[in-house]
Amino acid sequence: MPTSSPRPRTVDVPGIGTLTVHDTVLPHGRVRFKVTGPHIKGTFILIPEAQRGGSILPTTVQVQYGDGLEPQTYYTPRPDEPVVYRVGVHGHTDGLDPYAVPTHHFLGRYAIASGRSFLGERLPDGARQRTEEVVRCLLRLWGERDDADRLKLAAATARADEHARHEDQRAEHLDAEIEKVQAQRVAARRTVNQLTGILRRRPTAVLPADPTPARVPFFDRHGQQMGVLTVQETPAPAGTRPGSVIYTVAGSRVAGSFTVERYRYGSTPWPEGIHATYGIPTSRYGHEARDEPVINTVRLSGGWSSSGDTARITHTTPDRLPTQIRLSRTTSCSAPEATERRASGVLRALALRYLARPDAEALHLAAAKDRAPGLLTATRSKLKELREQQRKLTRQAAAHRARAAQYRELLAPPRTLPDIQSDPSGALSWEDEGGAVAGVPAPRPVPVTTVAPELAEALQVFVDVAERAVRLASTAADAAERAAARSRGRDTAKRDEAMWAAHYAFKETQKYAKWAEEDAGTVTASTLRNYVNSAIDAAERAQLAAGKSSTTAELRDLIAEPWTQARADEEARREQERREWEAQYEAEERERTGLDADNRIRLIIVRDVAAEQVPNLGWSQGMVSVMKQAATGQMYYRDGSVWNGRRRVSRERTLMLARAGFVSIGPKPDRRIGVTPMGDTALYLVGLHPDGIHPDDKAAYEARYVVARRLRRNKEDTKTLARQLPRIDQWTQRRCARPVTLVEQDRQAAELAEQTWADEGGAIPDVDRPQAAGRRAESAVGAGRIAAKENDLRRPAAARRDAVLRYRGPEAMELGGLARLRPWSRAEPSAA
């Protein structure tokens, strides 16, 4: 029932004069103001806005021009619309905050001047300014009312049922999304398990390429035989993906190579389908190929991918397969129909032959293991994203259900004071969310899961420490911002950089503190401690960026685990077990490889370098044979030919290696051919990675030609560069330090001891020869030699010369080694 004020009010408005205002409270929290004043007269209705998705209690007010509670169609006039300067005002404003009203231009896009046609016109400036002053005055009056809170409550209660149903619908929609995300997480975890199992499986042996030619018939899509192909398997070159088979085909108007493998671009753990490439791919992930087939005198490029079930591949299906004609390195066009029909028959025949191999399962496993690491990384990243998405959706659904419960509390009968005193948690949470005002019923209590008091106290310590870290970071960020604001001159850029770094660290601290607060009680203690430690680290970075000393040591002490004797004993036991395991592992590896830890790492590095550099050398098997013969030191160059004893060696290969600096040709008369240090390094790398060597000179030349091709480089220059062998740069040679085995280390130690023994003068009478491992004996022998040397120096020169002759003979005098030789004693003359 509307209630009116007992008498009109008069309000003085600057710039307008005195207004007479008569207010009436309407249902649903609305208030009608009838305004009469200089050049203005009409009705304004102030409506608290209870919007979907907004706050529980309205915070903004909408001003309606004209009387009436029911919604009207736009451009339909309302009763008693305000008339300002003889201009009727039609429409309404947007939501306005009665405690922070804008100064101008806030009447809204729906405020227009009503005319006879009601098409609407723009308000004149004078009418707009006077209407704005009146609306500002009415909003101030509405905000000063004693029953403003009850008006908000009435407006919220009027639409509480509608908003509660809307929040329930949003929560149900989010629940459906959560179920979908959970199903995706289950599928992703299943994929991770399958990929992990694939990586752990022991690889099955793949049969080598069978060079025996086989006759294979191929058919068109109608089942008519088109001819017979002579198919021969070719060894896969270096860089070919595992699980691939290369077929060299010759037959009815068909000549060239085809590479058949499993389809690798799906998301399933096991690669399904078939992928066939025209030619032999020159790189692992490139789209270029060599030895592309020629069908009907047309060179083809590209390939065919079938991602479905391989059971549907027969001699006649699929009927049409993609066929492209190579026009240039980057362009192609569609092939004629006859060529497409013949190429489709060839591809179907080779795919069936690939699937019928006895080692088809081994090829399938090799292809799966090749793509499993990348797919496993992608799946784990997706699983992490799904987990974060599910957490976000769960929080949103809980928030919507809480809002729906709050809306229903508005419709429920008010609670009594004893009910609130018995369970004040609902009322407190209601107040924390800003909805508790005078006369508003508190929400009903929601049952929660309780935890033990000791655990709750420990969790609260973590949350409090995280909040203290946030306060420290906030203080540091504010200090950095004030310093940047006061900066002048050359230090402005430095202060700005420090301000942004401190602000970023502050945001990181907030993030980890929020995680600690939200996940307290749902995660393990170690995870919660990691969250808090991350927040403390971010706060320390913020303080250091702001140029302040760190004060986070106290916070770390609060969450540090207490150090007890039991914990110390456990740490010592773990350290002892770790050392024993390391010693056992090192002994097993030394027995298995014959290398120590440093040289094993060196061997791994050298193998990686070999896998990277050997394919870039562009060598053939013949060049490797030349290098091995040159390493023996028996090759020589004579009469324009290269000889190894009485056997002639390829002159072209030798000269190519010599021009590149891998071998050197000595001077006359013998002109011996030897291996240079760079050639020795290359030969060593080839021994570690022989798969990077091409089978013949033609294949090696084609590989170098592909590497030498460049945009806008003519063919002759490309051929010239392809005839030259690439060199190994000095940085690669330094990385190729050869590992030293344990046997070689012992031999080097023995040689070093022998050299040291010889440098110190050789044998001493009545003193045993030093050994490599006897350090103490060697020290004693060294002391005896020093004493003998002092006695020898005191003897006359002639006596020393006679002693030398007795010890080493006349040749010792010719070598001039008097200062380095030691005489025998007179008591035991030399037998010589």
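**A five-stranded sheet and the helix across it**

Asparagine 644 stands opposite arginine 647 in S24. I start with that pair; the rest of the talk works outward from there. Please keep in mind that this is a predicted model.

First, the turn beside that pair. S23 and S24 form a hairpin, with two residues between the strands. One of the turn residues, glycine 645, has a positive phi of about 70 degrees. The two strands are antiparallel, and three bridges pair them.

Asparagine 644 also has a partner in the other direction. Which residue has asparagine 644 as its bridge partner in S23? That residue is methionine 635. The strand on that side is S22, residues 635-638, and S23 covers residues 641-644. S22 and S23 run antiparallel, with four bridges joining them. Another of the pairs puts arginine 638 with serine 641 of S23.

S22 and S23 make a hairpin too, again with two residues in between. In this turn the residue to look at is aspartate 639, where phi is positive, at about 55 degrees.

Now the whole sheet. It is open and has five strands, and reading across it the order is S24, S23, S22, S26, S25. The pairing is antiparallel. Which strands sit at the edges? They are S24, residues 647-649, and S25, residues 663-665, and each of them pairs on one side only. From one strand to the next, the twist averages 35 degrees.

As a general reminder, side chains in a regular strand alternate between the two faces of the sheet.

Next, the helix. H14, residues 621-631, lies across S22, S23, S24, S25 and S26. Strand S26 is residues 672-675, and the helix runs at about 105 degrees to S26.

Last, the chain as a whole, for context. The protein chain has 23 helices and 26 strands. How much of the chain is buried? Of its 832 residues, 38% are buried. The accessible surface of the protein chain is about 48500 Å², and carbon and sulfur atoms account for 52% of that surface. As for contacts, take those between residues at least 6 apart in sequence: 59% of them join residues at least 24 apart.

To go back to the start: asparagine 644 is the residue of S23 that is bridged to methionine 635 and stands opposite arginine 647 of S24. That is where I will stop.

Terms used: Residues numbered from 1 in each chain as written. Predicted model: local features only at pLDDT ≥ 70, side-chain atom pairs only at ≥ 80, totals over all residues. Heavy atoms only, no water. Pairing = 2+ DSSP bridges. Axes fitted to C-alpha atoms, helices over the stretch in contact; angles between N-to-C directions. Contact = heavy atoms within 4.5 Å. Buried < 20%, exposed > 50% of the residue type's maximum accessible area, 1.4 Å probe, protein only. Areas by Shrake-Rupley, 256 points an atom, 1.4 Å probe, with all protein chains shown as cover.
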